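Biologist: I am new to reading protein structures, and I learn best by looking closely at one part. Could you take me through a sheet, and then follow the salt bridges that tie strands and other parts together?

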Amino acid sequence: MREYYNFNDGWQFSQVKPENYCAAPEASVVVDLPHTWNKFDGQDGGADYARGTFYYTKELPAFERKADSRVYLEFEGANSSANVYVNGKLAGRHEGGYSTFRFDITDLLNTGFGESNVIVAEVDNSANHIYPQTADFTFYGGLYRNVNLLVVEPSHFDLDFYGGNGIAIDTKINGNDADVNVKAYISNPKEISRLEVKVLDAEGNVVAETTVPAKEENALTLTIENAHLWNGVKDPYLYTVECSLLENNETVDEISTRIGVREFYVDPQKGFFLNGVLTPLRGVSRHQDRLGKGNALDFEDHLEDARLIKELGANTIRLAHYQHAQDFYDLCDELGFILWAEIPMISSMIAGPEAEENAKEQMRELITQNYNHPSIVTWGISNEITIAGESDELLRQLNGLNDLVHEMDKTRLTTMAQVSMLPKTSPHNQLTDILSYNHYFGWYGGEFTGNEAWVDKFHEEYPDRALGLSEYGCEGIITYHDDKPHRGDYSEEYQAAYHEHMARIIDERPWLWATHVWNMFDFGVDTRDEGGVKGRNNKGLMTFDRKTKKDAFYIYQAYWTDQPVLHITSKRFRKRATDTIDIKVYTNLEGEVALMKDGAVIASLPAEKVVVFKDVALTDGENKFTVKAGNMTDEVIFEKVDQSEESYVFVDPDGGAVTNWFDTLDLDEVEAVAEINPDFYSLEDTIDTLLENEAATEILSNGLSSLSNMPMKVTMLKMFGTKKVTDLLAMLGGFGGEEMTPEKQALIDKKVNYMNAELQKIKK
């Protein structure tokens with residue numbers, strides 16, 4: 001039987017290369033896994049977190065094993081590349097920061113009695129050809145998941161195929177029964193080897209079993225009579241499949257996996273169907289990091305995230321933007337979440353065949369390692385990949401990925417998340433089985449209503465294409481508050497108003513196959529400086545530390561959960577320098593909502609998702625209000641003060657949007673630059689090159705801000721550092737959701753010409 005050893009404790013960590021990869025440097029510090037070297041500097045802003053090569057060294061104590069056994073070293077995640085050495089010799093290299101990989105280290109081990117072995121993992125998160133390289137999140141480096149040691153017999157379930165577990169299982173409903181299709185891959189089977197497969201129900205009873213002669217590749221089908229369906233969050237029923245490799249009367253290897261019996265399809269006109277029932281997928285996106293921990297999470301972190309998403313009432317999660325930990329996929333199977341799983345081909349295609357192969361490799365690993373999870377219904381091939389523009393080469397590579405997915409998995413659909421500015425007419429929208437768009441109308445530009453206007457128009461013009469919203473959201477910082485919230489104030493009130501609108505218009509459109517809030521939790525982006533909070537994307541429904549639910553959390557509870565909800569908003573907006581205020585309540589209860597002060601009812605309104613008591617009078621000092629609906633109550637204290645609380649208002653050190661002077665220019669007389677002088681700056685330079693010069697930076701920031709109708713700060717521009725400005729121009733001008741007109745295009749051309757002309761006045 002296989003032996004499995006956790007290998008997390010007592011690693012020596014250093015930025016100094018171990019001599020001959022055989023001993024830890026003296027400068028090492030002792031760390032336990034999971035570990036990242038960016039848990040602090042990857043979250044503090046400045047776009048300066050450590051990216052480079054670091055070393056993890058561990059002495060493996062002597063251990064007993066059978067002479068013919070095989071020993072594997074398993075890494076559940078090393079970001080983003082890893083060279084692994086055993087006793088100074090290279091065991092293997094892996095490229096890709098988010099998937100499991102293993103190396104057979106048997107022949108590299110010292111086998112003498114009492115001899116130890118030295119393991120060195122050379123881990124690198126620096127810029128290279130490995131996806132992702134351009135994205136709005138921190139690329140934490142390290143051995144941030146478990147490391148394990150496996151000892152197996154010569155005959156065993158395959159451990160060498162893209163980090164999988166050697167079995168691939170899917171199901172097909174057949175009347176009241178279900179066919180369980182099992183593929184099992186065995187290394188070095190013998191003539192006497194037999195494969196035994198059992199299916200157990202949730203109580204542990206065997207409901208189907210068979211035994212067949214074992215081959216390298218085995219395909220067989222078992223039938224579950226009167227199958228209990230996996231029905232999402234309503235009833236996530238799981239069976240267990242146990243696969244045993246037998247020799248004579250002994251089991252020499254055994255693995256198990258859980259499965260769910262379910263079927264699904266997407267109707268472009270009606271939406272997502274699970275087991276024949278219309279089931280609009282409504283949920284959130286999730287990044288896999290935490291405050292002060294980076295991406296080095298443990299099981300309890302994953303469990304808390306899953307429970308909080310369950311509490312929200314979501315039935316779907318988009319796992320952005322890479323392969324997540326197996327613990328989380330397992331939890332989603334158990335809780336019934338329906339998943340979008342994707343690879344980190346994001347923001348910009350990396351040129352060259354190495355990068356193309358890396359994207360395919362990450363897709364092969366994602367599918368192989370997660371094929372058995374019933375929670376996954378779609379594989380995402382890319383996210384906002386056209387930010388730097390469309391090209392025939394990009395389309396070819398995406399088609400290759402799409403074909404690869406269909407070759408590997410005939411049971412699921414492909415999808416991709418499109419950047420908001422991608423035209424509806426783009427061939428990218430005809431590529432995958434289903435698609436979604438990332439839209440932020442009402443935050444980066446435009447108004448709330450731009451969201452429904454855009455999706456309705458797409459639905460009308462392309463009735464045969466299943467459409468979803470892969471991202472939508474708004475920054476909300478719990479420090480900031482406003483009686484009259486507006487776009488760009490970062491207030492909790494504006495975020496709440498944004499999501500009130502989005503929750504309603506999504507609820508009215510069940511044909512949107514899936515919608516995913518961006519994001520469930522605030523997350524680390526070392527390049528960002530938003531609302532005075534450095535190193536953070538603040539669009540989460542909860543804070544980065546998972547301690548605080550923002551008001552927007554509760555509006556989705558009111559729409560999505562069956563649990564009773566009654567929540568007064570703006571509790572943190574305690575001090576009010578006004579005579580009257582509006583008191584807003586979210587609820588999913590029926591009947592009346594009563595507002596009380598000092599125990600007396602002062603107003604009552606019909607219960608709706610959003611109930612607003614207008615012009616409620618405040619008296620000097622503290623005012624305690626209670627709302628009551630059914631058997632539920634909620635309370636709040638508002639304090640009437642003479643002066644507004646300054647800390648409630650975000651004061652932009654840049655004085656607001658940085659486009660003020662640019663947009664007042666007379667551009668009618670500006671002509672395009674006839675010939676670029678390479679000794680002076682131009683739009684043909686990379687972002688990094690322009691950011692080296694203060695005057696060029698000002699022109700770049702102001703010009704791009706004007707073109708995009710959003711502040712393009714230096715911290716954000718650094719994210720696109722290696723790209724040419726010309727590569728980004730295709731994405732600008734579409735944040736507000738308006739259709740491109742000849743007049744609008746002409747204005748864009750004038751602004752671009754002006755930027756180039758001004759840059760050509762600055763000598764390098």
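Modeller: Happy to! Let's begin with a term: two strands count as paired if DSSP finds at least two bridges between them. Please keep in mind that this is a predicted model.

With that in hand, look at an open sheet of six strands, whose order is β3-β2-β4-β9-β6-β7 and whose pairing is antiparallel. At the edges stand β3 (29-31) and β7 (89-95); each has a single partner strand, so one side of each is left without a neighbour in the sheet. On average, neighbouring strands here are turned by 25 degrees against each other, direction ignored.

Now zoom in on one pair within this sheet. Strand β4 (residues 53-60) and strand β9 (residues 117-124) run antiparallel and are joined by eight bridges. You can find one spot to anchor your eye at F54, which stands opposite V123 in β9.

Next come the salt bridges. The count for the model comes to 46, and a few of them make good examples. Start with E247 and K190, whose closest N and O atoms are 3.4 Å apart. E247 sits in strand β19, while K190 belongs to the loop between β13 (177-187) and β14 (193-200), so this pair ties together parts that are 57 residues apart in sequence. Is E247 buried or exposed? Its relative accessibility is 12%, so E247 counts as buried. K190, at 41%, counts as partly exposed.

A second example links K584 with E500, with 2.7 Å from N to O. Here a strand meets a helix: K584 lies in β36 (residues 580-587) and E500 in α6 (residues 492-507), so the salt bridge ties together parts that are 84 residues apart in sequence. K584 is partly exposed, with a relative accessible area of 21%, whereas E500 is buried at 15%.

The third example, between E635 and K624, has an N to O distance of 3.7 Å. Both partners are in strands, E635 in β41 (residues 632-640) and K624 in β40 (residues 621-629), so the pair ties together parts that are eleven residues apart in sequence. E635 is partly exposed, with a relative accessible area of 42%, and K624 is partly exposed too, at 43%. Elsewhere, salt bridges that share partners join R286, R290, K293, D298, D301, E304, D305 and R546 into one network.

Let's return to β19 for a moment, and look at what follows E247. N248 lies in the loop between β19 (239-247) and β20 (250-259). Its phi is near 55 degrees, a positive value in a residue other than glycine. N248 has 52% relative accessibility, so this residue counts as exposed. You can see another case at N226, in the loop between β16 (217-224) and β17 (230-231). Phi of N226 is also positive, near 50 degrees, and N226 is exposed, with a relative accessible area of 61%.

Two more loops are worth a visit for their backbone. The peptide bond from A320 to H321 is cis, with omega near -20 degrees, and H321 is found in the loop between β25 (316-319) and α2 (326-335). The peptide bond from W518 to N519 is cis as well, with omega near 15 degrees; N519 lies in the loop between β31 (514-517) and β32 (523-530).

Methods
Residues numbered from 1 in each chain as written. Predicted model: local features only at pLDDT ≥ 70, side-chain atom pairs only at ≥ 80, totals over all residues. Heavy atoms only, no water. Helix = DSSP H or I, 4+ residues; strand = E, 2+ residues; numbered from the N terminus. Buried < 20%, exposed > 50% of the residue type's maximum accessible area, 1.4 Å probe, protein only. Axes fitted to C-alpha atoms, helices over the stretch in contact; angles between N-to-C directions. Salt bridge = Lys/Arg side-chain N within 4 Å of Asp/Glu carboxyl O.
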